[in-house]
Each structure stands twice: as structure tokens, then as C-alpha cells.
Amino acid sequence: MRYLIVLIAFMMVACQPASQHEHDEAGEHGHQHGGAPSTAHTLWTEQVELFVEFPALVVGNVSRFAAHFTQLEGHQPVREGNVTVSLIKGKKGIRQTVDAPSSPGIFTPSLRPQEAGTYQLIFSLKTPTYSERIILNNIVVYASEKEAQKALPAEGENSNTISFLKEQAWKMPFHTVPVLNKEIYKAIPTSGFWIEAPAAYQVLVAPTSGRVHFNEKMLTEGNVVRKGEVIMTVSSESLTTNNLGAEVRKAKAAYELAKSVYDRKKILRESKVVSATDFEKAAQEYQVAKENYETLSNGYTTGGKQVRAPFDGFIKSVSTENGRFTAQGADLLAVSSHENSLLEIRVNPSYNIDLQQIQDLWYQPNPGSWSSLKEKGGKIISVSKEVDSQQPLLSVFAEVEEGIAMPEGSFTEVQIAVGTPEKTTVVPASALLEDYGQYSVMVQTGGESFERRYVVIGKQNGEEVEIVKGLEPNERVVTTGAYQVKMASMSGQAPAHGHAH
């Protein structure tokens, strides 16, 4: 019985996952088995990048993992959470959990494998907001360091490899994306200029003759206005003719008289004292007097007739001056909402046939960024059919349904998509580096390894560029921070590592 108890206890200890005691031992003795070559792996999920370095797994040796977790949104190190590393073969395995990073973004769990073979290595990340499970297949546990050294090639220097550490990337704006295989259109590169859409602005005219009084002392182009806000008042109080105040008082008196007659005849009509004809005439006169009074008094105060903003927007232009006399119906100012604009694009007549099959177009709502007309809900209004000596180019008019930061009349680059799309290799235009007309990109070959690759570009659709030669789908390129990686390649030496391995 005593022997059985001892045997059961031994089996329970043997089946348990790697303990915290093992982790402590790794911390003290992890480098005593320094003869094993190291290996590294880089994997991506939708939320994080895992770059992990560790000594080759050898039976009986403790291997400590330097697991670098980068949150892809914002490219920042994972600062909170725990990581569990598991080494699994069939239904058996060992695991170890660290409750926090040893430094921002870097978790250092350890494992001591007990049996040679091929395993799954699983990293489970749990943060306060999300969890990830990343699996590395076909991870070999070697029987000895000698076997590991024989199986794994020695690390050699590659003259094309650029070292750019995670600690560097985490301290600056940095981003990478996969190379895609997607549809791209033939594009006509050209330019256009912004025109105010007719529905986007309104000219306000003087509701009466009189003197103009601005509601604000400084009323200029660009002033923001809100719907219903009083912008100015037109007063005719000092006029001997066309005096609105007198007209309003006169209309009010006529309205009150007509109402009194109508009310009286309505009672008499019920008693059949007055004829239907007399009653209808009184009702008609009352209605006319009422509408006339309401029209004249609408927006009228003792200071004059108010001019209000018809919608939220800004002052596009001012056609009068404070204190100046204006005639009824004269232009006072124009108010613009700037919610949509017209884009007039000039195109060489040689593209006339292509313009009959426009699929989309890209424009710049502000410098440095591109928008798709189709994605933003805009539409092509018309394409001109004729040219002459005064206008040798064809015009394409497009209605843009988004706020444009560029002033009216300013130019923008435009790309018109025509024809049938073709599938090809595509990267963001921000990934390109240009040197005297030659293009290159920074390809991420590993977690901290990059390579400058020269490419041949083709068609461009907005922020996406076709790569004719030099890249394959699913490779990963730097879109933000490529210049800094390039500068690292010119420094002549790799920077020292900021963390222990």
C-alpha cells in the first residue's frame, strides 16, 4: 500500500505542466545550455504580431522564449496581459504561464522538454480586451545539443538583411501590411478642380429695401453660421417710401378688419341672415389679408427684416456692406454647406472611348490622401462629347458626397478607372520609396529583419499600386516607417539588442 501511494504521487508530479519552479530555474540557468543554436518565428493574426526567439528545444534543457507581441493597431507593444506557452504532442504536453511582460511587449516563459519528437508550440495571449491563440507546427525537440547543431544551419550574415529592432519600431509611427493579390483597373492619370455644387450653397437676397445692419461687426467670407441664425437685418424705418414698418402696420390693420368682418358674417351665415355669396366674399378677403400680413411680418422686428442662415455652413461671399442701402431682391451674401462638391476633370480627347466605360475615380479630398468616388457614394454627372480651340480637352463632371478641405477652384490629382479590372499584385502607395525614378520597398523577412527590394510598378488606383515585378502575394511590406528602416540599412551596423535572449 505504501508503495502504491508513492507510485501515484510520482505519476501526478510527472504529469503536471511546467511549474513556476521550473521558470525560476530557467531564469537562473537558462543560458548554461548555451550550446544549442537559436531559432526564430514570426506570425500574424488580425490583431497582433508574434515574433519569438528561443534556443532550439533539447531534451532536459531549459529554453527561455523571448516572445515579442505587437498590437497591430497603432503598432504598439502589448503592455498588459499574460502569456501561456504550451508544447504539445498528441494529448500530452507541458506548459508555462507568465502573468506580465518582463518589459513592454516582451514575455519570457520557459519550457524544459522531456522527450524528443515533433510538437506543436502554442502561444496563448490574454489581455484585458482580447485573446489570441497562435500555433507553430512541426517544432522539433532534439535529443541532444549536438543533434540540434547538426540539424539547424549556423546563422550567417546576409548582406541584404537590415536589422530593425522591435524596441525601435515601437517608439515611432510604424506599420506593415501583407502584399495582396486583388483586382485593379486601368487608370487615366489626370487632374481636376473643385466647383461648388449648386445644391450646396444658397444666395440670400434682400427681403425689402432698406439699410443693411450686420448682426456681427466682422462678417467675412469663411464665417461659420448655424441654421436659423440671424446674419443681418434690413431696415426701412428711415425711408419715406417702401417703408416696411408702415406696410406691416397697414397690413395688420387690414387683416384685423377683415377678420372682424369674417367672424361677424360667419355668425350671421349660420342664422341665414347673409347670403352665401356675401359670406364667401368676406372669407376670401380675410384669407388674402391674413396671408399678406403674415408674409410682411415674417422675420420682421422693430429693427427691420431679419436675414437668417438657411442651413449649417459658412459664408461663401458677402455682396454688401454694413450700413449700405440695398434694394429689395438684391444679393446680400451666399451661404455654403460644403457637404458636397462638383469635380471637373479635364481629359485628353484620345481617351474618348475609355471614358464611355468609367468604373470609378479617385481624387484627393485633402493633400496626401485618396478617396474613391464609388465608395463615398458619389457619381459621374456627365462626360462632354466635343472639344474646340478654346477648350481642347474633354470634361468629366463628378458629384462628390463628402466634405472637401480644399478651397473652391483648387486643383487635385485624379485617376479615372476604366475598362475591366485584372487581378495582380498590389501594395499601398505609401510603401514605395523613390530614388531618381527607381522604386523600392522594405520587405519584412522576419520579426526584426528587413530587406530592401527594388520593384517595377504598374497601374495606380488611388492609394494602391500594382507591382509588376519584385514582390509576391503574402510577403509583408512597411507602409509607415520605411524611410527609418532605409536609414538603418545605411548605418553600416546592426544596433545592439535592447533585450536579453
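Which residues make a nonpolar surface patch of about 220 Å²? The patch is made by Tyr201, Val203 and Val205, and the legends below return to this patch after an overview of the chain.

The model is predicted, so local features need pLDDT of at least 70 and side-chain atom pairs count only at pLDDT 80 or more, whereas totals for chains, interfaces and linings use all residues. Residues are numbered from 1 along each chain as its sequence is written, and side-chain values use heavy atoms, with hydrogens and water left out.

**View 1. The whole chain, with its secondary structure and surface.** The chain holds seven helices and 35 strands, where helices (H or I, at least four residues) and strands (E, at least two) are DSSP runs numbered from the N terminus. Of its 501 residues, 41% count as buried, a term that stands for under 20% relative accessible area, with exposed meaning over 50% and partly exposed lying in between (1.4 Å probe, protein chains only). The accessible surface comes to about 28000 Å², and 50% of it belongs to carbon and sulfur atoms; such areas come from the Shrake-Rupley method with a 1.4 Å probe, and for residues only the protein chains shown count as cover. Among contacts (heavy atoms within 4.5 Å) between residues at least 6 apart in sequence, 71% join residues at least 24 apart.

**View 2. The nonpolar patch and the four-stranded sheet that includes β16.** Patches are made of residues with over 30% relative accessible area and no salt bridge, like charges being joined within 9 Å and nonpolar side chains (Val, Leu, Ile, Met, Phe, Trp, Tyr) within 5 Å. Tyr201 of the patch lies in strand β16 (residues 201–205) and counts as partly exposed because its relative accessibility is 32%. An open sheet of four strands has the order β16-β24-β22-β18, with antiparallel pairing, and its edge strands, β16 and β18 (224–225), each pair on one side only. Within this sheet, four bridges join β22 (residues 313–318) to β24 (residues 331–336), and Val318 has Leu333 of β24 as its bridge partner. Two strands are said to pair if DSSP finds at least two bridges between them.

**View 3. Strand β30 and its antiparallel partners.** Strand β30 (residues 411–428) is joined by 13 bridges to β15 (residues 180–196), which runs antiparallel to it, and Leu180 stands opposite Val426. Val426 also stands opposite Glu466 in β34, a strand (residues 464–469) that pairs with β30 in the antiparallel sense over three bridges. Five further antiparallel bridges join β26 (residues 358–363) to β30, with Leu361 opposite Ile416.

**View 4. The five-stranded sheet and the largest nonpolar core.** An open sheet with mixed pairing has the strand order β3-β12-β11-β7-β8. Because β3 (57–58) and β8 (92–98) stand at the edges with a single partner strand each, one side of each is left without a neighbour in the sheet. Nine bridges join β11 (residues 117–126) to β12 (residues 131–142) in antiparallel fashion, and Phe123 stands opposite Ile134. A nonpolar core is a set of buried Ala, Val, Leu, Ile, Met, Phe, Trp, Tyr and Cys residues joined through side-chain atoms within 4.5 Å; of the 25 residues in the largest one, Phe65, Phe69, Leu87, Phe107, Leu121, Phe123 and Leu125 touch the most other members. Gln120, in strand β11, is partly exposed at a relative accessible area of 30%, and its C-alpha lies 5.8 Å from that of Leu87, although the two are 33 residues apart in sequence.

**View 5. Salt bridges between separate parts of the chain.** The whole structure has 10 salt bridges, each a side-chain nitrogen of Lys or Arg within 4 Å of a carboxyl oxygen of Asp or Glu. In one of them, the closest N and O atoms of Glu49 and Lys166 are 2.4 Å apart; Glu49 lies in strand β2 and Lys166 in helix α4 (residues 166–169), so the pair ties together parts that are 117 residues apart in sequence. Glu49 is buried at a relative accessible area of 0%, as is Lys166 at 3%. Asp435, Arg452 and Lys486 are linked in a network of salt bridges, with closest N and O atoms 2.3 Å apart for Arg452 and Asp435 and an N to O distance of 3.3 Å for Asp435 and Lys486.
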